[in-house]
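Student: I'm new to this structure, and I'd like a close look at one part of it, the second largest cavity. Could you walk me through what surrounds that space and then show me a few other spots along the way?

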Amino acid sequence: MVEHILLYILFAPFAGALALIFVSNRQPMLVRGIAVASTFVCLVAAVYLFYAYDPVKGGFQFVQKFQWSKELGIALHLGVDGIGTPLVLASAVLLFTGVFVSWHIKDRTKEFYIWLLILAAATIGVFMSLDLFFLYFFYEMSVIPMYLLLGMWGSHTKKYLEMTDPEGIKLRDSVGFIFNFGANSKEYAAMKLVLFLSAFAVVALMGILLIYKYSGLDTFDILVLREQANLMNIPVLGTTLDKIIWILVFFGFASIAPIWPLHSWSPVGHAAAPAATSMLHAGVLMKLGHFSIIRVAFEILPDTTREMMPIAAVLCVFSIVYGGLVAFYAKDTKYVIGYSSSSHMGYVFLGMAALNYISLSGAVIYMFAHAMATGMLFAMAGWVYDQTHTRDLPSLGGLSNKMPFIAGCFIVGCMASIGMPGTVNFIAEVMIIVGSWNKYPFQVIVAVLGIVLTMAYLFNMMRAVFYGPMSQKYSHTHDAVATVDRLPLLVMIAVSVGFGIFPMQLYDVVRSGVDPLVAKITYVAPVARTDDETGEIGRDPASGANRLPLMTPHSRPLASYALREHE
Amino acid sequence: MTFDLTISAADLLLLLPEIFLTCWLCVVLIVDFASPRLPHTRLAVLSVIGLVATLACLAWFDVAHVSGSLFGNMFVLDRMAIFFKMFVVGSTALVILASMQYVDRFTLFRGEYYFLVMMSALGMMFMVSANDLLSLFVSIEFSTLGFYILVGYLREDLTSNEAGLKFFILGVFAAGLLAYGISLVYGETGKLVFSEMTPTNTTGTIIGFLLIFAALGFKIGAVPFHSWIPDTYHGAPTPVTAFLSIAPKGAAFAILIRLFFVAVASFKPMWVLLLVAVSILSMTYGNIVAIAQRNIKRLLAYSGIAQVGNVLIGLAAGTKMGSDAILFYLLTYLFANIGAFAVVIAVAHAIGSEEIDDYSGLNRRSPFLAFAMLLFLLSLAGVPPLAGFIGKLYIFIAAVKEGLYTLITVGLINIVISMYYYLVVVKKMYINEPTDPSPVNISGPMKAVVYIGLAGTLVIGIYPQPVIEWVVDATLMFSNMVGPSAVVTPSLPPFGG
């Protein structure tokens with residue numbers, strides 16, 4: 001029963017989607033009920049998973065393996081480590097709250113929930129896949145629901161709606177063509193998102209196929225590949241094969257993260273998407289990128305990762321600064337949050353690039369924390385949009401009188417996003433900054449300035465939406481009063497603040513996943529006993545002298561880890 | 001050479017499906033003549049019963065491992081032949097089910113329609129068993145004969161007539177190429193049976209095989225032999241288009257596999273290059289031109305050209321796994337394509353249009369049809385968890401093992417290009433609002449075809465292992481094929497020897 005917990009988490013949303021097919025759209029409450037029930041099962045199981053995960057034991061737990069195709073070397077191999085567990089929890093929380101955030105969708109309710117559930121289940125599938133094939137399978141599967149969610153229930157930008165002259169209407173209705181950048185319609189956003197993500201997904205797929213071919217093991221199993229695949233020192237095209245694979249995998253997956261020059265689909269997509277989709281998109285879909293890089297590049301090519309990761313350290317600066325600046329000047333609530341997400345993903349890349357225990361743990365916790373914070377912000381931006389039918393910052397204002405609850409939550413959301421002490425974001429940011437300081441002091445300075453920038457644009461948005469004079473046309477708006485409207489925000493605030501005050505379980509879990517990985521990557525000199533321990537899942541073979549004991553994470557204060565790192 | 005033409009009862013058993021189907025189509029024809037007032041749907045049901053019985057017989061052959069060869073190796077029945085026969089018969093049954101409503105449009109000769117469809121299927125059943133150049137020629141012409149008539153079946157429709165004429169002229173031209181190629185190859189090698197050939201590297205042999213390949217390329221519609229495809233697909237009655245887009249391709253690939261893997265296996269370094277070039281051209285041309293299409297049948301025609309390019313990747317891999325992947329891919333293509341055409345037929349019946357613009361808001365008019373079309377198109381595009389994704393991946397895995405990186409790169413880029421035009425149709429169906437919101441109804445047999453297509457697309461996508469095992473068993477005879485990567489340096493025999 002308990003050992004199948006991953007299957008419950010993964011298949012509860014699928015089962016919900018399947019059940020919804022047989023329900024009529026004329027019974028909206030039944031539709032919502034099924035959605036709530038399936039996501040609730042998913043959430044309860046994910047919470048159980050999070051607390052049942054044993055950080056002392058570490059490694060991959062709750063492993064499930066079903067042979068799927070012998071000829072192709074594919075198995076449905078599921079398992080979570082300390083990195084996957086919190087992300088599964090974050091996905092479950094955002095899915096559960098997302099169902100409530102979408103409560104008032106009237107058009108084709110059933111279809112909306114079907115695609116939302118499939119999207120979330122696919123992302124959860126990535127976080128627990130231990131097989132490269134299924135990792136890609138779920139990854140690609142999460143893209144198409146986005147197209148329909150954006151296209152069918154999304155919203156156009158103001159710029160698009162302003163085109164009312166005949167020429168403009170002609171232009172804006174020709175949006176079937178991708179190169180029509182003038183028209184920021186939801187169709188354009190949806191198409192751009194899908195094509196962009198698919199294009200880079202196939203780049204990653206090329207990397208995966210090369211791993212499959214050159215490992216010569218005829219398997220896609222990550223656990224086998226990371227122990228046995230030897231992809232080093234194969235010369236090809238003037239460089240070595242492992243570098244090419246690493247580049248393919250890194251940029252293939254980093255596009256969804258999104259790293260700086262590949263980010264442009266993301267804010268457009270955020271802006272067009274309905275609230276719950278933005279939440280899942282920013283909250284968990286973007287983390288698929290970091291997670292897949294960790295799972296594929298870090299696990300299978302540790303030595304190449306050590307060599308190549310400075311690329312991420314360079315690009316993350318652009319992510320942080322560019323995203324922050326655009327967010328500061330953006331005039332659309334969702335663009336602000338969207339670009340802020342792109343900017344904040346730069347912090348995760350910084351933490352990953354520094355490659356030590358503290359910074360990488362910080363990066364993983366940041367993914368979790370950012371999911372909650374940005375989920376809140378998008379949920380509230382969605383509420384404001386539903387009430388006012390605009391996302392245009394200059395025309396909004398003074399809504400705090402009309403919606404005090406939303407305004408209050410918005411402050412909490414901004415605080416969380418900034419990384420105020422008391423929220424889990426604070427812990428993550430401190431860990432990234434402390435952990436990266438020795439290796440990348442310049443980037444850390446930029447990151448700290450980026451926090452100031454975050455403060456600037458979020459306060460700016462808060463002022464523009466909730467304070468100042470209110471236009472009369474918004475006098476009909478009202479606050480979130482009903483339980484179903486308040487519940488999602490309260491849940492996300494509770495998770496964010498709860499883990500901000502009691503972070504130890506989260507920290508222990510993440511450390512148990514990060515420690516063996518960092519030990520494997522940063523450990524340079526070969527040791528005689530490399531091949532003996534391979535049988536045991538979750539143990540790295542190269543357990544060297546600088547590996548920290550997993551058993552007693554509590555016994556050391558944070559600073560002593562940081563100091564030990566660089567002895 | 002001498003042929004042993006004495007046939008024993010055991011030999012006749014090998015021909016049982018063909019003999020049965022021949023008798024059955026005579027029955028259909030006689031019933032049609034004998035009772036002209038009988039509604040044609042009865043004939044359709046009768047035909048489907050016959051085809052299902054044939055399918056059952058083939059399934060029994062497959063389970064019982066019946067195999068052998070006849071007429072001095074002209075006709076072989078191995079597991080691959082059985083696979084392709086089931087492929088052809090199955091797709092024919094689905095096409096007849098999907099035709100039942102459409103046949104009302106024909107003013108004359110409604111009964112003969114079913115006869116002709118089954119006759120073409122019979123020809124293709126011989127085609128997949130063809131093991132020498134003569135039976136190859138005869139069976140190809142036999143199966144194409146029915147198609148010549150079927151494509152021009154809408155007598156009053158000019159586009160249908162044009163399609164028929166175009167198909168006929170180019171088809172006869174291809175037949176000429178085939179005959180010329182066969183004569184050259186026979187002149188050089190002195191052999192007709194594939195497995196007995198020991199082709200040497202002479203000008204005549206190479207030109208001969210190139211001509212044969214061109215004729216088969218015409219059948220599958222690979223670039224540069226594709227020029228008949230869009231107009232013929234567009235003008236032909238839609239069920240015939242569906243038939244034409246699936247069954248002959250499967251049958252022709254059966255012959256291509258035998259030809260390349262058996263007859264000219266020793267020329268492998270050379271034909272790999274040829275196939276790589278044709279595959280890249282087909283995929284890229286098909287996908288890029290498909291973007292500009294406004295008519296759904298033309299879109300599916302160009303997408304079909306691109307899909308053939310994908311299948312050719314498996315052939316270029318030239319290994320056992322490559323042939324497995326071809327079989328698997330064709331099966332996924334069968335379900336997705338027949339399903340998509342069924343939706344096209346159903347929609348055209350309801351709204352009288354095949355323009356993509358008229359699919360606007362299909363989701364509101366018929367959620368079922370829109371959802372089915374969505375899944376079929378996404379399967380063609382290769383999106384998990386649908387069958388097309390596994391098919392593409394299977395082919396790519398087979399190719400990557402042989403180190404065909406250029407081909408895979410082009411194939412992967414083409415996935416993204418194809419995604420665009422399939423999604424444009426999805427956008428029309430799901431995002432645009434309908435101009436006429438009246439619901440679109442769908443008849444029973446059509447629903448059955450769509451359900452079968454959906455079931456195949458989803459089941460193979462989610463749990464492909466039984467099908468993988470099936471195709472792996474079907475091509476066991478190619479286990480000894482080695483890839484070009486096994487050849488240390490592919491030293492090319494000079495063209496023209």
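Tutor: Let's start with what the words mean: a cavity is a set of grid points where a 1.4 Å probe fits but cannot get out, and its lining residues have an atom within 4 Å of one of those points. Keep in mind that this is a predicted model.

By this rule there are nine cavities of 30 Å³ or more. The second largest cavity holds about 90 Å³ of space. From chain A its lining takes Tyr136(A), Glu140(A), Ser198(A), Val202(A) and Leu205(A). From chain B come Gly382(B), Phe389(B), Lys392(B), Leu393(B), Phe396(B), Ile415(B) and Met419(B). Sorted by class, the lining has eight nonpolar residues, two polar ones and two charged ones.

Now for the helices that carry them. In chain A, α5 (132–141) and α9 (186–215) each give at least two residues to the lining, and in chain B α16 (387–401) and α17 (405–430) do so too. The largest share belongs to α16(B), with four residues.

That's the cavity; next, chain A. Its 567 residues are 67% buried, and the chain has 24 helices and four strands. Take the contacts in chain A with a separation of 6 or more: 79% of them join residues 24 or more positions apart.

Helix α13 of chain A, residues 275–285, is a good place to see burial, with eleven of its eleven residues buried. Among them are Ala275(A), Met279(A), His281(A), Gly283(A) and Leu285(A).

For a single buried residue, go to Thr454(A), which sits in helix α21 (residues 441–466) of chain A. Thr454(A) has a relative accessible area of 1%, so it counts as buried. Leaving out residues up to four places away in sequence, Thr454(A) touches His344(A), Tyr347(A), Ser417(A) and Ile418(A).

A couple of backbone details in chain A are worth a look as well. Phe62(A), in strand β1 (residues 61–69) of chain A, has phi near 55 degrees, a positive value in a residue other than glycine. Phe62(A) is buried, because its relative accessibility is 16% and the cut-off for buried is under 20%. His389(A) isn't a glycine either, and its phi is positive at about 55 degrees. You'll find His389(A) in the loop between α18 (357–388) and α19 (404–418) of chain A. With 58% relative accessibility, His389(A) counts as exposed.

Then there are the cis peptide bonds. One runs from Ala257(A) to Pro258(A), with omega near -15 degrees. Pro258(A) is in the loop between α11 (241–254) and α12 (265–272) of chain A. Another cis bond runs from Val223(B) to Pro224(B), with omega near 10 degrees. Pro224(B) lies in the loop between α8 (203–220) and α9 (229–235) of chain B.

Staying in chain B, let's see how some helices pack. Two packed helices are described by the angle between their axes and the distance between the axes. Helix α12 (residues 296–317) and helix α13 (residues 320–351) of chain B cross at roughly 170 degrees, and their axes come within 9 Å. Angles over 145 degrees count as roughly antiparallel, so that is the word for α12(B) and α13(B). On the α12(B) side the contact includes Ile296(B), Leu300(B), Gly304(B) and Val311(B), and on the α13(B) side it includes Gly322(B), Tyr329(B), Asn337(B) and Phe341(B). By class, this contact of α12(B) with α13(B) has twelve nonpolar, six polar and one charged residues.

Compare that with helix α4 (residues 79–99) and helix α19 (residues 465–474) of chain B, which pack at about 130 degrees with axes 7 Å apart. That angle makes α4(B) and α19(B) oblique to each other. Here Arg79(B), Met80(B), Phe83(B) and Met86(B) of α4(B) meet Trp470(B), Val471(B), Asp473(B) and Ala474(B) of α19(B). The contact of α4(B) with α19(B) has six nonpolar residues, two charged ones and no polar ones.

Last stop: Val272(B), in helix α11 (residues 268–291) of chain B. Val272(B) is buried, with a relative accessible area of 6%. The C-alpha atoms of Val272(B) and Ala93(B) are separated by 35 Å, and the two residues are 179 residues apart along the chain.

Key
Residues are numbered from 1 along each chain as its sequence is written. Chains are lettered from A and ligands numbered from 1 in the order in which they are written. This is a predicted model: local features need pLDDT of at least 70, side-chain atom pairs count only at pLDDT 80 or more; totals for chains, interfaces and linings use all residues. Side-chain values use heavy atoms; hydrogens and water are left out. On a 1 Å grid over the protein atoms alone, a cavity is a set of points where a 1.4 Å probe fits but cannot get out, and a pocket is an open set with protein on both sides within 12 Å along at least five of seven lines; lining residues have an atom within 4 Å of a point. Grid points are joined across faces, edges and corners, and a volume is the space filled by probe spheres set on the points. Ala, Val, Leu, Ile, Met, Phe, Trp, Tyr, Cys and Pro count as nonpolar, Asp, Glu, Lys and Arg as charged, and the others, Gly among them, as polar. Buried means under 20% relative accessible area, exposed over 50%, partly exposed in between (1.4 Å probe, protein chains only). Axes are lines fitted to C-alpha atoms, for helices over the stretch in contact, and angles run from 0 to 180 degrees between N-to-C directions. Angles under 35 degrees count as roughly parallel, over 145 as roughly antiparallel, 65 to 115 as roughly perpendicular and the rest as oblique. Contact means heavy atoms within 4.5 Å.
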